[in-house]
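User: I would like a close look at a single part of this model, the antiparallel sheet of chain B, together with what packs around it. Please also place that part within its chain and the chain pair.

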Amino acid sequence: MSQILKFYLNGNPVQVAAGDADTLLDVLREGLGFTSPKCGCNHGDCGACTVILNGYSVKSCTVLALTAEGKNVCTVDGLADGDKLHPVQRAFHEYGAPQCGYCTPGMVMAAVSFLNRNPSPTEDEVKEALSGNLCRCGGYKKYVQAVMATARGEFGPLPEGSVGNV
Amino acid sequence: MREYEYHAPQSFESLFRLASADGVEVRFLAGGTDLMPRISAERNQIPYDKKPRMRIVYLGALGLDNVTEEGERITIGACCTLSSLLENEVVKTKLPVLRDALAEMAGVSIRNTATIGGNIMNASPAADSVPPLLALDAECTLRSASGERRVFLSEYFTGPGKTVAKPDEVLVSIAVKPGRGGSSFKKLGRRKAETLSMVNAAAYLELRDGICESIRVAVGSAAPTVVRCIDVEQALVGKKINEEVVREASLLVTKAISPIDDIRSSAWYRVRVAPTVVARAVLTAAERKRG
């Protein structure tokens, strides 16, 4: 069976048919064509499907789509302001953090949600915050460096009231 | 493939109407971090097993996400997310043993979704929230169409994945009394964060002049359910607490456990490491009590 699901995706209202047992990841990728969240393990382990739901990072493969009714969902697609990348995106770019890039959208969303909550973290806190996002290239060090650089303000202030922290 | 139907009841009345259906498998959904991967795996499995239709009943619209304090009793709503509890002032200041465990459970994004009630109802022997709650002698409240009943957590689990809750009963809250003692939770996993416990343990103890007056110790991931370590407790009551006494008493944890080999660890290792994890929990609890 399926039902009509209405929610806000990157600030825009969307409507989509969602199967009763579909995950939010299924609906984002297959129903709406937003393929930035990746289906790595489909088991809540790898973090490649991380999106921000009502201001909190979640693994979208563990969220039943229909529970997102009326909520705000933000994917990496919604972070940039026109051509202006979000500071975390710029940091990942400048630091050359992504290698194959598969884990990157999830890594960005986990980092954005974390920095919204803890704008001046220690390195250990950053490592803990990204621990749920696996990078099989092993590029953890640069991700952590990039998040620390963002926190130091190297890439400008974190946008307030952006879709990421609704 | 079996069929699924999703409902998000806004009241307990409609919830219990949905829960008492014949010919369907009713599953309550809180955060979904355990249930959804299981459903997705089942849907991707070939050949499909013939199974009855699954009715997924979402509990998130029932307002079970508050922490309330009444006298000494702290009541935690079953649908509180682990993150919300970590940020909660009452939990932070009055339930350090639970806070310890929450901070080490999974990672941030799972904690943002997963609920404490879900962790209990999933009834994993490795559930990290359970040893702290057992050490605090928590009481669960189950609600069904015919009313509410309270069950001590120590009598709640009947096996891996199994509890005393009947199919039409919903866990609505967990209540604890923080007490005047010290408490602590320790976990040993394969890595520091986002890991499942090979062995975990929690301790609550009350001291007077360095003498242990009362103690509760629970150990997880080492038996079909999380268990209380009565032998360790009895060996410590009335004793002056120091490292040597605690280390020796903690060896008795092997009487309470019956670990298995699984993907996380071996039974051999668990038997050898459980006393150390228990001793760490007890010693930290004592340390905190002394301040």
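Analyst: The account below starts with the sheet, moves to its surroundings and then turns to the rest of chain B and the contact with chain A.

This is a predicted model, in which local features need pLDDT of at least 70 and side-chain atom pairs count only at pLDDT 80 or more, while totals for chains, interfaces and linings use all residues. Residues are numbered from 1 along each chain as its sequence is written, and chains are lettered from A and ligands numbered from 1 in the order in which they are written.

In chain B, strands 11, 12, 13 and 14 form an open sheet in the order 11-12-13-14, with antiparallel pairing. Strands (E, at least two residues) and helices (H or I, at least four residues) are DSSP runs numbered from the N terminus, and two strands pair if DSSP finds at least two bridges between them. Strand 11 (182-189) and strand 14 (227-228) of chain B each have a single partner strand, so one side of each is left without a neighbour in the sheet. Inside the sheet, strand 12 (residues 197-208) and strand 13 (residues 211-220) of chain B run antiparallel and are joined by nine bridges. Opposite B:Asn200 stands B:Gly220 in strand 13 of chain B.

Two helices pack on this sheet. Helix 5 (residues 96-104) of chain B touches strand 11 and strand 12, and its direction makes about 20 degrees with that of strand 11 of chain B. Helix 11 (residues 267-290) of chain B touches strand 11, strand 12 and strand 13, and its direction makes about 35 degrees with that of strand 12 of chain B. Touching here is contact, meaning C-beta atoms, placed from the backbone, within 7 Å; axes are lines fitted to C-alpha atoms, for helices over the stretch in contact, and angles run from 0 to 180 degrees between N-to-C directions.

B:Gly220 also meets a loop residue. B:Ala126 lies in the loop between helix 7 (116-121) and helix 8 (130-135) of chain B. Leaving aside neighbours within four places in sequence, B:Ala126 is in contact with B:Leu196, B:Ser197, B:Gly220 and B:Ser221. B:Ala126 is buried, with 22 other C-beta atoms within 10 Å. A residue is buried if 20 or more other C-beta atoms lie within 10 Å of its own, exposed if 12 or fewer, and partly exposed in between.

Chain B is divided into domain 1 (4-58), domain 2 (67-176) and domain 3 (182-290), with bounds from an automatic or database domain assignment. The centres of domain 1 and domain 2 of chain B, taken over C-alpha atoms, are separated by 21 Å. Their contact takes twelve residues from domain 1 and 16 residues from domain 2 of chain B.

In strand 1 (residues 4-7) of chain B, B:Tyr4 and B:Tyr6 point to one face and are buried, whereas B:Glu5 and B:His7 point to the other and are not. Strand 1 runs parallel to strand 3 (residues 54-58) of chain B, to which four bridges join it; B:His7 has B:Val57 as its bridge partner in strand 3.

As for the chain pair, the contact takes 26 residues from chain A and 25 residues from chain B. On the chain A side, strand 4 (56-59), helix 3 (104-117) and helix 4 (123-129) each supply at least two residues. Strand 4 of chain A gives the largest share of that side, four residues.
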